[in-house]
Amino acid sequence: SNHAEFKTRELEAENQAQRARLAVAQAQLEAVKTENRAYLAKVSSQERETKLLQTQLEEQDDVISGLRKQIASLKGTGSESSDLVARTEKENRDLQQKVVQQEAQ
């Protein structure tokens with residue numbers, strides 16, 4: 001009977017120690033879950049920020065592309081203008097030469 005009581009108390013003490021270890025493990029698990037939730041919220045926030053930056057980058061690329069087309073178009077216009085100026089100047093010189101030649105005759 002004494003041995004049975006001793007064994008029972010021994011098992012009860014071991015049971016209490018296991019309950020304490022279980023409580024610590026559960027608390028650690030909850031802490032890890034909380035940490036994970038915070039991490040996932042941060043990841044989600046970074047994903048949103050990344051998508052926003054991606055969208056802004058695409059918009060800027062579109063603007064840059066549009067500006068490059070305008071620049072190319074304006075350069076084209078500029079070379080056409082300078083060609084026109086050059087042709088006009090040549091025609092003027094030719095006419096002046098004709099005038100000089102006619103006056104000489």
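Is A104 buried or exposed? In this predicted model, A104 is exposed, with a relative accessible area of 67%, a value that lies over the 50% from which a residue is called exposed. The residue belongs to helix α1, which comprises residues 2–104. When A104 is compared with Q18, the two are found to be 86 residues apart in sequence, and their C-alpha atoms are 125 Å apart in space.

The overall form of the chain was examined next. Its secondary structure consists of one helix and zero strands. The radius of gyration of the chain is 45 Å, whereas the globule rule gives 13 Å for 105 residues; the computed value is well over that figure, and the chain is therefore more spread out than a compact globule. The dimensions of the C-alpha trace can be set beside this result, since along the principal axes of the chain the trace spans about 150 × 15 × 10 Å.

With regard to the surface, 0% of the 105 residues of the chain count as buried, where a residue would need a relative accessible area under 20% to be placed in that class. The accessible surface of the chain comes to about 9800 Å², and carbon and sulfur atoms account for 55% of this area.

The charged side chains were then considered. The chain carries 16 positive and 18 negative side chains, and the centres of these two sets lie 4 Å apart. On the surface, a patch of negative charge is formed by E58, E59, D61 and D62. One member of this patch, D62, lies in helix α1 and has a relative accessibility of 57%, so that D62 counts as exposed, the cut-off for this class being over 50%.

Side chains of opposite charge can pair when their charged atoms come close. A search of the whole structure finds four salt bridges, and three pairs are described here in turn. Among the four salt bridges is the one in which the side chains of K7 and E10 meet, with a distance of 3.2 Å from N to O. Both K7 and E10 lie in helix α1, where they are three residues apart, or about one turn of the helix. K7 is partly exposed, its relative accessible area being 41%, and E10 likewise counts as partly exposed, at 36% relative accessibility.

A further salt bridge joins the side chains of K33 and E30, for which the distance from N to O is 3.7 Å. Because K33 and E30 are three residues apart in helix α1, about one helical turn separates them. The relative accessible area of K33 is 36%, which means that this residue is partly exposed, while E30, at 42% relative accessibility, also counts as partly exposed.

The side chains of K90 and D94 also meet in a salt bridge, with 3.2 Å between N and O. These two residues, K90 and D94, both lie in helix α1 and are four residues apart, which is about one turn of the helix. K90 is partly exposed, with a relative accessible area of 45%, and D94 counts as partly exposed at 31% relative accessibility.

Technical notes
Residues numbered from 1 in each chain as written. Predicted model: local features only at pLDDT ≥ 70, side-chain atom pairs only at ≥ 80, totals over all residues. Heavy atoms only, no water. Rg over C-alpha atoms; globule rule 2.2 N^0.38 Å. Buried < 20%, exposed > 50% of the residue type's maximum accessible area, 1.4 Å probe, protein only. Areas by Shrake-Rupley, 256 points an atom, 1.4 Å probe, with all protein chains shown as cover. Lys, Arg positive; Asp, Glu negative; His and termini not counted. Charge placed at Lys NZ, Arg CZ, Asp CG, Glu CD. Patch = residues over 30% accessible without salt bridge, like charges linked within 9 Å, V, L, I, M, F, W, Y side chains within 5 Å.
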